[in-house]
Amino acid sequence: MSDIEKIHGITPDLTRENVDRLLALFPDVATEITDPKTGRTERAVDFDALKERLGDVAEGNRERYQFTWPGKREAKRLAREPIAKTLRPVKERSKDWDTTKNLYIEGDNLDALKLLRENYAGKVKLIYIDPPYNTGHDFVYDDDFSQTQDEFSSESGEYNEDGGRLVANTESNGRFHSDWCSMIYPRLLLARDLLTSDGAIFISIDDNEYLNMRALCNEIFGAANFVASIVWQKTLTRRNDAQQISTAHDYVLVFAKQLSSLKIQHEPVGEKQRATYTNRDNDPRGDWLAVPFHAPNIRPNLTYPIVLPSGREVIPPKGRCWSTSKDNFDALVADGRIWFGKDGDGMPQRKKYWGKENRMRVLFLGPGGHMNLPVRIVRRRRN
């Protein structure tokens, strides 16, 4: 039997792992308790001793900055709770099982993340997820409320493998945002465990849950590890069904495991962009691009007349001002960084030089599909 076909039985108990880590840092806060379920004596954390060790601790009704919702405690418990499941290979549906380097995993993604964590914790460089946007019908959750058989049978809806009814998370649900946060929170916690120290997670999201997703990631990955909120233009045409404003964009949130270790790979810009930089006046600094010298938001100290080399006097266009003060402008002219046109009679333009900062651009591929992580493995060759 191969290693991948071995049954491990149960995933690690993350609560026990966290206790062991804490006691490794502060062995003096260790104590022992008796588990009421098993009757066994186990190591535990003496929280009174831990508070003394740490000093001031926020607790009780003391005001503090936090992001919370009904069900957050249960969401944390779900992330830590071990499961008695395993990944089962399906070789008959696979191609080149022994040589391919790709895995396709089917099943509940929370279970799959727990199973992957056993062997891939700290080994994944990049995670991309396209979770439900919580628009009202793209996210379903387990309905645990008790019903009579007649009520259960008369309700339409989808069902899980155990026969439990799955309900669309419509806005009429009093826990509309809370249910969504409870769904995504444990999955993000486990996803962070999978990332390498220089890894990152890219998350597609729209306006419905953007703020909540940002708050969740700030808590789980740390606000200091925020990389960017990329605006992705998803359509080039307006939506005729929009009631107020037609939005044509979604977002891609990017968080690093450790921002100080993250390195973004860039690719060279195309020939078309490079061709826009030329050297029309034999500037020793090399090729440059002329950009307007005026800017919006009129300010008195940035509004002044400029005398062109031709002798003509100009002022900023209506509703605009110059982009820097008169003293800075004179210094730029003296340094040959202002372009007045070939005959010296054009509106002033600032030179933007072709340099290292222009030679690279970030390569980003737009969202392509939902992340479905797992319980059955199929290996396929990538075309």
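Let's start at a small pairing: strand E18 and strand E19 (residues 349–353) run antiparallel to each other and are joined over two bridges. Keep in mind that this is a predicted model. Within that pairing, Trp 339 sits opposite Gln 349 of E19.

Step back and you'll see that E18 and E19 belong to an open sheet of three strands, ordered E13-E19-E18, with antiparallel pairing. Strand E13 (288–292) and strand E18 (338–339) are the edge strands, each pairing on one side only. On the E13 side, five bridges tie E13 to E19, again in the antiparallel sense. Trp 288 is a handy landmark here, since this residue stands opposite Tyr 353 in E19. As for what holds strands together in general, the strands of a sheet pair through backbone hydrogen bonds, either parallel or antiparallel.

Ala 290 is worth a stop while you're here. This residue lies in strand E13. Is Ala 290 buried or exposed? Its relative accessible area is 18%, and because the cut-off for buried is under 20%, Ala 290 counts as buried. Leaving out residues up to four places away in sequence, Ala 290 touches Arg 280, Trp 339, Gln 349 and Arg 350. Trp 339 and Gln 349 are the two residues that face each other across the E18 and E19 pairing. Ala 290 also shows how the fold brings distant parts of the chain together: Lys 352 is 62 residues away in sequence, yet the C-alpha to C-alpha separation is 6.2 Å.

Now move over to the other sheet. Four strands make up this open sheet, in the order E5-E9-E11-E10, and here the pairing is mixed. E5 and strand E10 (226–233) are at the edges with a single partner strand each, so one side of each has no neighbour in the sheet. On average, neighbouring strands are turned by 15° against each other, direction ignored. E10 and E11 pair in the antiparallel sense through seven bridges, and Phe 226 is found opposite Phe 255 in E11. Helix H7 packs on this sheet, touching E9, E10 and E11, and its direction makes about 5° with that of E11.

Which residues of H7 are buried? They are Tyr 210, Asn 212, Met 213, Leu 216, Cys 217, Ile 220 and Phe 221. These residues cover an arc of only 160° around the axis, which puts them on the same side of H7. The spacing makes sense, because an α-helix has 3.6 residues a turn, so residues three or four places apart point the same way.

That brings us to the largest nonpolar core, which has 35 residues; Trp 180, Leu 188, Ile 201, Ile 203, Met 213 and Leu 216 have the most contacts inside it. Two or more residues each come from helix H4 (109–120), strand E5 (124–129), helix H6 (176–194), strand E9 (195–205), helix H7 (210–222) and strand E11 (249–256). H6 gives the most, with nine residues. For a close-up, look at Leu 216: beyond its neighbours within four places in sequence, this residue contacts Phe 67, Trp 69, Trp 180, Cys 181, Ile 184, Tyr 185 and Leu 188. There is also a second, separate core of ten residues, including Phe 293, Val 314, Leu 332 and Phe 340.

Key
Residues are numbered from 1 along each chain as its sequence is written. This is a predicted model: local features need pLDDT of at least 70, side-chain atom pairs count only at pLDDT 80 or more; totals for chains, interfaces and linings use all residues. Side-chain values use heavy atoms; hydrogens and water are left out. A nonpolar core is a set of buried Ala, Val, Leu, Ile, Met, Phe, Trp, Tyr and Cys residues joined through side-chain atoms within 4.5 Å. Buried means under 20% relative accessible area, exposed over 50%, partly exposed in between (1.4 Å probe, protein chains only). Contact means heavy atoms within 4.5 Å. The arc is that of the directions from the helix axis to the C-beta atoms. Two strands pair if DSSP finds at least two bridges between them. Axes are lines fitted to C-alpha atoms, for helices over the stretch in contact, and angles run from 0 to 180 degrees between N-to-C directions.
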